[in-house]
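Here is a walk through a few spots worth looking at in this structure. Keep the viewer open and follow along.

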Amino acid sequence: MISVSIEGVSKRFRLPDQRFNSLKERVMHFGKVPYHEFWALKDIDLEIQEGTTTGLLGRNGSGKSTLLKCIAGILQPTNGQIVVKGRLASMLELGSGFHPDLSGRDNVYLNASLLGFTKKDIDIRFDSIVEFAELSEFIDSQVKHYSSGMYARLGFAVAVNVDPDILLVDEVLAVGDEAFQNKCMDRIKQFQAEGRTIILVTHGTDQVRQVCDYAAVLSKGNLVYKGDSLESIRSYRDILVNDANSEEAAHVAASTETTADTADKIPEDSEHSRLDLGNGKSSSALERYVEVTSVTFRNKMGEKINSIPSGESLSVEFGYNSKNINEDLFSVFSIYTVRGETVYQNYLRDELYSILALGEKGTIKFDIEQLPLLDGTFKVSLGLYDSQNRCVFLRDSLDSFSVTNPTKNTGFVNIIVKPVVEIDS
Amino acid sequence: MVVRTSSTRDQIRVVSAKKGLKATVAEIYSRRELLVFMVKKELSTKYRNSTMGFAWSMLNPAFMLAVWYFVFSYVMRNGIPDFVVYLMGGLVAWNFFAVSLQSASSAVIENAGLVNKVSFPREILALAKVGQAMVFFVLQLIVLALTMLIIQFTPNFSQLYLLVPAMIDMIVFTSALCILASALNVFYRDIQHFLEVLLFGWFFGAPIVYSFTGNLVSGLSRYHVLIFYLSDPMAVIVMTFDRVLYGKANVINNGTVVHVLPNYSTDWFLAVLGAVFLGSMLLLLIALKVFSKLEVNFAEEL
């Protein structure tokens, strides 16, 4: 059975260029307020089956929260409709509707009532709500005296204890201390076990992998992928990389000068001057010339790939043309995250990475045995430096590969851990 | 653990820009408990951090009453005997209307946080203000009854039932305007300031501090504007309140006969109250329709 059916939903926002809230201003502009239109959602079709957990993935501004608000009924779609079957509770903001001057008890009733539950429903569940929030001591004090953690706990406790058929969650699971977070996760898993439908907005891919059966990926208001959650993570990563690349391209076009922010990616002891952000054409010295013609990722069978399961071997091959290189060079191979954090970079003077001769044409290959990365998209860079530490060539973060994670572990790297319990007798 | 109530499983809700009037009304009705909670919230938070607390809800109208009483009994000398009862009868109805409308105009704006985060019929925000005013209205009626007991004034018990249609009219008419004002004020923040001025003038459109008799009626008739005066629902409602609570059309004061209330019959009152009811219902439907239409853009404006 379908729990939530989203049929051709579009949402248009009109963003006024200026705010005209008074009648005088409206009259002066003949009732027309200058605005520009912005489609936050474009013709979204999505069906969510009963009892499944669906993640909505996307960058900031992709429309995922707008979609969730439409499902919750807070926003009304401009076109299309959403059919919701069953009782729905939304956790868009924990404790929204809490009044600081009311006691915790009064707020539980008010909040649950806002979520659509009757006094009778709440009476039955009141004790379990208070117990879940761990607030039995303070339930009769005004919530303005609560800490933000207590506030959020009470909000979460209300939302999960009011027995919804469908639960909407918007990036609110990161509240409270770790123990409470675990409790929240447990409750969500219990919800899943009970066959309830959960829709979760997140940009944490870990969360998607851990809890979601399906996921939908939104980009700039379009639904770009729906289906299997692991596939969706890949699709989401593609968007991140594409966006990053186009931003970078725009950046390169805007300034051909050396930029300070990329300089820190170069080994510390090099005094290079870098003229080239990696389009692979020029170098610092006119007579010396290296050009990378291709970058290929291969698995252990030698097949070209773009994504590789964690733990397998990976080769990165840079095909090149070069001229007038008659000296030894040192290569620097780096792996970065999409956000630019260095995952790996070899030491510049490492003999292992020295290159004796390039010739006119060839490939430089970096073999990685048992890639320890867990998952994510990673960018590779290749730099070539001469003995005076001058940069001869740099191809910086243009090529990427992604790692899929067959395990349920999360993080950057897979560390082989063997838990052992020794009981003292 | 969690108790499942399977009866609600099959409920189907459609979110779309096109929502019918019937659906709107049904939705508001189904969430009437929320309305009660919202009224409770309004009442318990309004005077929370003031020393006098809830007493303010009575002090404010009491002070108003004292000022009007002093002005019209001693300064203007309108010569209405037991003027305090006459004044209170009209003032309770007027206060209900004015307080509701004034507070409801900003109801949606002051709850922007809720409107952006939780789904519920937003009309309830305006109706909660009406509900809050209703509580004050009842309290003021009690005070009026006590006053009558103290000064040994007998109201017109034989026509007491007229209060029922008058109060229904009052609630419907007030709710309609409150819903309309709360939605319009989101887009035109002038509304709440405009209402202050309007309510000040409107106050004199109903026979609260003067009596609707003699020169006034003949004057209105001569210029054929009596119908306009009587098409103000608040004028009719206040007149009904006075008819029931004050009750005496002609009072002998110091040997002279004072004409205080119009001599309209019970049937006349019922007919006019019926007309006001129809008009108010129509206004309420229009208000709900306008509200649904404007509601779509609340989130963007707030």
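K220(A) counts as partly exposed because 16 other C-beta atoms lie within 10 Å, short of the 20 needed for a buried residue. In this predicted model, K220(A) sits in the loop between β8 (214-219) and β9 (222-228) of chain A. Its backbone is worth a look too: phi of K220(A) is near 50°, a positive value in a residue other than glycine. Most residues other than glycine have a negative phi.

D43(A) is another such case, with a positive phi of about 50° although it is not a glycine. This one is found in a strand, β2 (residues 35-49) of chain A. Buried or exposed, or something in between? D43(A) has 14 C-beta neighbours inside 10 Å, so it counts as partly exposed.

Here are four residues from this report, set side by side.

| Residue | Where it sits | C-beta neighbours inside 10 Å |
|---|---|---|
| D43(A) | strand β2 of chain A | 14, partly exposed |
| K220(A) | loop between β8 and β9 of chain A | 16, partly exposed |
| F297(A) | strand β10 of chain A | 20, buried |
| A107(B) | helix α5 of chain B | 27, buried |

Now for F297(A), which belongs to strand β10 (residues 289-298) of chain A. Why does F297(A) count as buried? It has 20 C-beta neighbours inside 10 Å, and 20 or more is what the label takes. Leaving out residues up to four places away in sequence, F297(A) touches K304(A), I305(A), N306(A), L314(A), V316(A) and F401(A). There is also a long-range pairing to check in the viewer: F297(A) and D399(A) are 102 residues apart along the chain, yet their C-alpha atoms are separated by 9.5 Å.

That brings in chain A as a whole. Its secondary structure comes to nine helices and 18 strands, and 40% of its 425 residues count as buried. Among the contacts in chain A with a separation of 6 or more, 70% are between residues 24 or more positions apart.

One of those helices is α5 (residues 148-161) of chain A. Its 14 residues reach 20 Å from the first C-alpha to the last, close to the 20 Å expected at 1.5 Å a residue. How many of the residues of α5(A) are buried? Eleven of the 14 are, so the helix is mostly covered. The buried set includes Y151(A), R153(A), F156(A) and N161(A). What do the buried residues of α5(A) pack against? Their partners in chain A are β5 (88-91), α3 (104-114), α4 (119-133) and α6 (178-193). After the helix comes D163(A), whose phi is positive, near 60°.

Next, the place where the two chains meet. The contact takes 39 residues from chain A and 33 residues from chain B. On the chain A side, the elements giving two or more residues are β1 (2-16), α1 (23-28), α2 (64-72), β4 (79-85), α3 and α4. Which element gives the largest share of that side? β4(A) does, with five residues. By type, the chain A residues that touch chain B split into 16 nonpolar, 14 polar and nine charged.

Over in chain B, take a look at a helix pair. The axes of α4 (residues 83-104) and α8 (residues 163-187) of chain B come within 8 Å and cross at roughly 20°. The two helices are therefore roughly parallel to each other, and α4(B) passes α8(B) in a right-handed crossing. On the α4(B) side, the residues that meet α8(B) are A93(B), F96(B), F97(B), S100(B), L101(B) and A104(B). Facing them in α8(B) are M170(B), T174(B), L177(B), C178(B), A181(B) and S182(B). The residues of this contact divide into nine nonpolar, three polar and no charged. As background, residues three or four places apart in an α-helix point the same way, because there are 3.6 residues a turn.

α8(B) itself has 25 residues and should span 36 Å at 1.5 Å a residue, which agrees with the 36 Å between its end C-alpha atoms. Of those 25 residues, 19 are buried, leaving α8(B) mostly covered.

S182(B) turns up again in the contacts of A107(B), a residue of helix α5 (residues 107-110) of chain B. Leaving aside neighbours within four places in sequence, A107(B) is in contact with L125(B), A126(B), K129(B) and S182(B). A107(B) counts as buried, with 27 C-beta neighbours inside 10 Å. The C-alpha atoms of A107(B) and K19(B), 88 residues apart along the chain, are separated by 22 Å.

Conventions. Residues numbered from 1 in each chain as written. Chains lettered and ligands numbered in written order. Predicted model: local features only at pLDDT ≥ 70, side-chain atom pairs only at ≥ 80, totals over all residues. Helix = DSSP H or I, 4+ residues; strand = E, 2+ residues; numbered from the N terminus. Expected span 1.5 Å × (residues − 1). Buried ≥ 20, exposed ≤ 12 C-beta atoms within 10 Å, placed from the backbone. Contact = placed C-beta atoms within 7 Å. Axes fitted to C-alpha atoms, helices over the stretch in contact; angles between N-to-C directions. Parallel < 35°, antiparallel > 145°, perpendicular 65-115°, else oblique. Left-handed = near helix turned anticlockwise from the far one by under 90°. Nonpolar A, V, L, I, M, F, W, Y, C, P; charged D, E, K, R; others polar.
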